[in-house]
Amino acid sequence: MIKHEIAVIPGDGIGNEVVPAALNVLNAAAEVHGGLSFKFTEFPWNCDYYLKHGMMMPEDGLRTLQSFEAVFLGAVGDPAKVPDHISLWGLLIKIRREFEQVINIRPAKYIQGIVSPLVNPNDFDLIVVRENSEGEYSEVGGRIHKGEDQMAIQNAIFTRKGTERAIRYAFELAAKRRGHLTSATKSNGIFHSMPFWDDVFKEVSQDYPDTRTASYHIDALAAFFVTRPQIFDVIVASNLFGDILTDIGAAIMGSIGIAPAANINLNGKFPSMFEPVHGSAPDICGKGIANPIGQIWTAKMMLDHLGHQELGQQVLDAMEATIFSGIKTPDIGGKASTQEMTDDICSRLKKL
Ligand SMILES: NC(=O)c1ccc[n+]([C@@H]2O[C@H](COP(=O)([O-])OP(=O)(O)OC[C@H]3O[C@@H](n4cnc5c(N)ncnc54)[C@H](O)[C@@H]3O)[C@@H](O)[C@H]2O)c1
Ligand SMILES: O=C(O)C[C@@H](O)C(=O)O
Ligand SMILES: [K+]
Ligand SMILES: [Mn+2]
């Protein structure tokens, strides 16, 4: 019997609705497998925790998480209670950073049965590799003075190591897929870091002569995501560019509620973390209508990571069959609840 010990952080808002849904699917998958079980240990770290304790997780929170094989997280943020930069940096980004989860893998593809806002969604299938530990997301800088004199400096950090690591990872991934890699740049407007990014991209590309490459400025690239997503296979992007691109990727699939993500630790020193692209969705929280697909597809990525690719594929198949049958939450044009959609996926999975 293989047993996986997973730390679970539902977090805020709909995290508390879609995480239990995905855990049900993982348990159903374990049942289907027969020789697999999960031990889920839940941690109540979120904005309510912050209001009680003055921090998003306990002092020794990271040490506690470190003993698990993976972290499964819902969403972090409740701006009515805690400013977003405090909650995000106190939990989500803290874990990404401290656990050296330097790569964020975010797939987007056309799914039959979901109406895309594109006139011709025609089978696009892409993966954004988002640099996940530096770039525009840095706490380097500060604020000074008051009133008319006030100012803020926010530094973007691009290290050789971090940039090359993300680009190399993307080349490796492209080689396993359709052999095409696009670089998201902005070397026309961003004077130092983006020409540097381009240099590293060119240099690393020498090691992958069989991979076709393209490089677009992020503004044009964002537009191409909407007008012709079919041209993309793998896209490598800095932290902020990758963040924005993946919301567009979610949007062209038909809903932010279905996009999955994996924060990957490459050196094996810390667990990886699995959490969907979407946030805590305060506007629909508590109504039981949150789309569980983003979290369930994220669970599929965790299964892949734990070495159960075949089972992961079965989860994806069940999920797609449920969508195709019309059992869908309102954000993708249906009338089903989170629970109804989840139950249908579980029962299909068990019948596969
Ligand atoms: N990785 C994360 O944990 C993460 C990601 C994005 C935003 N946030 C946080 O979440 C909070 C809300 O942010 P936001 O409104 O910008 O983004 P959001 O993703 O929470 O919501 C954007 C819109 O998409 C909808 N939506 C999101 N997930 C859905 C789902 N599963 N099913 C159906 N509809 C869904 C929401 O109802 C909302 O209309 C903020 O505190 C923000 O910082 C966290
Ligand atoms: O990384 C972020 O900015 C938080 C959230 O928007 C995300 O995409 O995970
Ligand atoms: K999330
Ligand atoms: Mn985002």
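In this predicted model, D78 is buried, with a relative accessible area of 16%. That value falls under the 20% cut-off used for burial. The side chain of D78 pairs up with that of K81 in a salt bridge, at 3.3 Å from N to O. K81 itself is partly exposed, its relative accessible area being 36%. So this bridge joins a buried acid to a partly exposed base.

As for the fold as a whole, the chain contains 11 helices and 12 strands. Its radius of gyration is 20 Å, close to the 20 Å that the globule rule gives for 352 residues, so the chain is as compact as a globular protein of that length. Along the principal axes, the C-alpha trace covers about 55 × 50 × 40 Å. Of the 352 residues, 54% are buried. Contacts across the sequence tell a related story: among those between residues at least 6 apart, 74% join residues at least 24 apart.

Then there is the surface and its charge. The accessible surface comes to about 15600 Å², and carbon and sulfur atoms account for 52% of that. The chain carries 32 positive and 42 negative side chains, yet the centres of the two sets sit 1 Å apart. The structure holds 18 salt bridges, the K81 and D78 pair being one of the bridges found.

Two further salt bridges involve strand β5, which runs over residues 125-131. One is between R177 and D125, with 3.4 Å between the closest N and O atoms. This pair ties together distant parts of the chain, 52 residues apart: D125 is in β5, while R177 is in the loop between α5 (160-176) and β8 (180-185). Both partners are partly exposed, R177 at 26% relative accessibility and D125 at 28%.

The other bridge runs from D243 to R130, where the closest N and O atoms are 3.7 Å apart. Here too distant parts of the chain are linked, since D243 belongs to helix α8 (residues 239-253) and R130 to strand β5, 113 residues apart. The two ends of this bridge differ in exposure: D243 is partly exposed, with a relative accessible area of 23%, whereas R130 counts as buried at 1% relative accessibility.

Salt bridges also come in a network, which links R160, E164, R168, E203 and D207.

R130 turns up again around S238. This serine lies in the loop between β10 (234-237) and α8, the helix that contains D243. With a relative accessibility of 1%, S238 counts as buried. Setting aside residues up to four places away in sequence, S238 touches R130, E131, E136, F158, M194 and W197. R130, then, contacts S238 and also forms the salt bridge with D243. The C-alpha atoms of S238 and S133 are separated by 9.4 Å, although the two serines are 105 residues apart along the chain.

Note on methods: Residues are numbered from 1 along each chain as its sequence is written. Chains are lettered from A and ligands numbered from 1 in the order in which they are written. This is a predicted model: local features need pLDDT of at least 70, side-chain atom pairs count only at pLDDT 80 or more; totals for chains, interfaces and linings use all residues. Side-chain values use heavy atoms; hydrogens and water are left out. Helices (H or I, at least four residues) and strands (E, at least two) are DSSP runs, numbered from the N terminus. The radius of gyration is taken over C-alpha atoms; the globule rule is 2.2 Å times the number of residues to the power 0.38. Buried means under 20% relative accessible area, exposed over 50%, partly exposed in between (1.4 Å probe, protein chains only). Contact means heavy atoms within 4.5 Å. Accessible areas come from the Shrake-Rupley method with a 1.4 Å probe; for residues, only the protein chains shown count as cover. Lys and Arg count as positive and Asp and Glu as negative; His and the chain ends are not counted. The place of a charge is taken as NZ of Lys, CZ of Arg, CG of Asp or CD of Glu. A salt bridge is a side-chain nitrogen of Lys or Arg within 4 Å of a carboxyl oxygen of Asp or Glu.
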